[in-house]
Amino acid sequence: MTDFATPVPPEIEQPRAPLAETTEMFLHNHAAVAGLIVLVLVVLAAIFGPSLYGVDPYEMVWAPFTPPGSEGYLLGTDYLGRDLLAGILAGARVSLTIGMAAAIMSVFIGITIGAVAGFFRGWVEEVLMRVTEFFQVLPTLLFSMVIVSLFGASLPVITVAIGLVSWTAVARITRAEFMRIRELEYVMAARASGAGNFKLIFRVVLPNALPPIIVQAALMVGTAILFEAGLSFLGLTDPNVVSWGQIIGSNRPYILDANYTVTLPGLAIFVTVLAISLVGDGLNDALNPRLRAR
Amino acid sequence: MTPPLLSVKDLTVRFKVRGAAPFREAAYLTAVDGVTFDVARGESLGIVGESGSGKSTTALAIARLITHHSGEVRLDGEDLLALKGGDLRRARRKFQFIFQDPYSSLNPRRRAAEIVTEPLASIGLVPKGDRRKLVDDLFEAVGLRPEQQNLFPHQFSGGQRQRIGIARALAPNPALVICDEAVSALDVAVQAQILNLLRRLQRERGLTYLFISHDLGVVQHMCDRIAVMYMGKIVEFADRLSLFNSPLHPYTCALLSAVPSVDPDRRARTKRILITGEPPSPTSPPPGCRFASRCPVAEPRCKTEPPPLREVREGHRVACHLVGDDARAPV
């Protein structure tokens, strides 16, 4: 007689959150991981750099236009003899903060407008999309310059000015996703289950619409940093707060004598925005289920 | 006679046709045109018809998932079409819906247990602490293992997903369950399992089904009475035996003759009736009988005069000029 072993119950596949798959997908993308590492370094430098380095970025510490490396000043001094490295470290804080705050603001406005337009359709959508188009066709730089010159060049005003001109992309993406998802049966099923519009929008549709919005938000931090740099370069910034764009702008007249005073903070902007873009692209691939199947 | 659980009267649903030229009168497509029927407590009523006949639209309108144009739908005496906002959401516990596509009808970001308790959470019926036990019971009732409660929808097969959809519909303990093509997305072996599950649940819980399907075999297996729809109207309405044994409307006869059979006697008995041509445009339906253009026995008056739905035999109603009081099929 053959001895039949008791059948082993098949092992249940452990619940794998979609998040785990996304993380794995992201880690396979080397460029994105490199971007993430650079970004983390920049953020760490912004948080701890100024106190570790310990040089006041507003203090005149040595003769103006000391080239990098000489007299113990790693990146040299600017036209007022201020330490450039200290300036870049302190500027990182301002640039990153403005970038993130403006991105959060534009995501908030964009999601609200896009979700309401895409979910309710009809005349609500018509009105909201015409408003969105109005903001889209405004010359963004001019519009934010107007806001800054009207309300004064302080960091909150600059953040609001950047946020106000950059939410339209988020609104359009959110609306498109909502229009697609609201037709799916699980939304109808949730309605049949007694979910109200508020719950349908925020608990059912929005979580499923988030991936492309997250990507857009990540990329928006980069554009907001560039935008802030642009405004600062034009002098539309708080002259008492050092930021990357402000360093470039204030040293601009001396670009021929001491090009490093402009190049180095420019390089900081370039590296940071590039890192953010790489992370954003990596997120895009990792969050896109159609690419995941490959 | 006890009052019916669900009573639908003159239900009409129409859609605005998009893409019409500006400054022209908007065109409407009447998908459901004055449909009237009753469903008794504990029975299964089937609605069959081809694609575009308005059977799913009828189901969605009764469930208040799309906007109706006119009519009356009473569930247990309560006029569903008059309910709004919070009243409608609270009333939803009495009628639940099982969807056709087991893939798109489950939220991919929720775990199975969360999906099943969604009606309870939305209507606020059962306090959070007591839901655990209820989910256990529902999972057992639909034949899922308790350890599958924390899985995501993509980790289930089609049949299992449909079981989750059924458990979700049963969660608020509804009186009426509307099954919109509940098995047509599944393969045949799984279809049989799900149909038997639905029948067992009906017995155990005293459910009433409104069963929408294009599959006559499924309807024959599931339903006590059957309505046949063509282009938004009910053309024939009868109990299962009369409909399958002595269909009266030419359209029903044609449908039944198209059902393949393995029984050689039955094959020999039934003569195939072929319908030619296309259904008329749904935006401008013909004035008379809507089947007249394809009907093999149509007379001139069929093209001008719409036939009323009238009772020709006890419980057997048909909308055809050619069916006389002797209740004999014209074909």
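**Entry 1: aromatic rings**

I began with F97(B), which counts as buried at 3% relative accessibility, and I keep in mind throughout that the model is a predicted one. F99(B) is buried as well, with a relative accessible area of 3%.

I then turned to the ring pairs, of which I find nine over all chains. For each pair I noted two quantities, because a pair of aromatic rings is described by the distance of the centres and the angle of the planes. In chain A, I looked up F135(A) and F143(A), whose ring centres are 6.1 Å apart and whose planes stand at 75°, so I entered the pair as edge-to-face. Its two members fall into separate classes of accessibility: F135(A) is buried at 17%, whereas F143(A), at 23%, counts as partly exposed. Returning to chain B, I find the ring centres of F97(B) and F99(B) 4.7 Å apart with the planes at 45°, so that pair goes down as tilted.

I also followed the ring pairs outward from F135(A) and F143(A), and they link these two residues with F134(A) and W167(A) into a cluster.

**Entry 2: charges over rings**

I looked for charged groups placed over aromatic rings and noted one case in chain A, where the charged end of R252(A) sits over the ring of F233(A) at 5.3 Å from its centre. In chain B, I noted R14(B), which lies over the face of Y28(B), 3.8 Å from the ring centre.

**Entry 3: salt bridges**

Which residues pair by charge, and which parts of the chain do they join? The count comes to 20 salt bridges over all chains, and I wrote up several of them.

The side chains of D33(B) and K233(B) meet in a salt bridge with an N to O distance of 3.9 Å. This pair links distant parts of chain B, since D33(B) belongs to strand β2 (residues 28-39) and K233(B) to strand β10 (residues 233-239), 200 residues apart. I entered K233(B) as partly exposed, with a relative accessible area of 33%.

I next took D76(B), which forms a salt bridge with R41(B), the closest N and O atoms being 2.8 Å apart. D76(B) lies in the loop between β4 (70-75) and β5 (78-79) and R41(B) in the loop between β2 and β3 (44-48), so the pair ties together parts of chain B that are 35 residues apart in sequence. D76(B) has a relative accessible area of 44% and is therefore partly exposed.

Within a helix, I noted E204(B) and R200(B), a salt bridge with its closest N and O atoms 3.2 Å apart. Both residues lie in helix α7 (residues 188-205) of chain B, four residues apart, or about one turn of the helix. R200(B) is partly exposed, at 29% relative accessible area.

In chain A, I found E126(A), R130(A), E133(A) and R172(A) joined into one network by salt bridges that share partners.

**Entry 4: the interface of chain A and chain B**

I find 26 residues of chain A in contact with 31 residues of chain B. The area buried between the two chains is about 2,300 Å², and carbon and sulfur atoms give 56% of that area. How many salt bridges cross this interface? I find zero across it, although eight residue pairs are in polar contact there, both residues of each at pLDDT 80 or more.

On the side of chain A that touches chain B, α1 (18-27), α8 (185-192) and α9 (197-233) each supply at least two residues. I closed the entry with α8(A), which gives the most to that side, with seven residues.

Terms used. Residues are numbered from 1 along each chain as its sequence is written. Chains are lettered from A and ligands numbered from 1 in the order in which they are written. This is a predicted model: local features need pLDDT of at least 70, side-chain atom pairs count only at pLDDT 80 or more; totals for chains, interfaces and linings use all residues. Side-chain values use heavy atoms; hydrogens and water are left out. Rings of Phe, Tyr and Trp (its six-membered ring) pair if their centres lie within 6.5 Å; planes under 30 degrees apart count as stacked, over 60 as edge-to-face and the rest as tilted. Buried means under 20% relative accessible area, exposed over 50%, partly exposed in between (1.4 Å probe, protein chains only). A charge sits over a ring if NZ of Lys or CZ of Arg is within 6 Å of the ring centre and within 35 degrees of the ring normal. A salt bridge is a side-chain nitrogen of Lys or Arg within 4 Å of a carboxyl oxygen of Asp or Glu. Contact means heavy atoms within 4.5 Å. Buried area is the accessible area (1.4 Å probe) that two parts lose on being put together, summed over both. A polar contact is a pair of N or O atoms within 3.5 Å; within protein, one must be able to donate a hydrogen and the other to accept it, and residues adjacent in sequence count only if both atoms are side-chain atoms.
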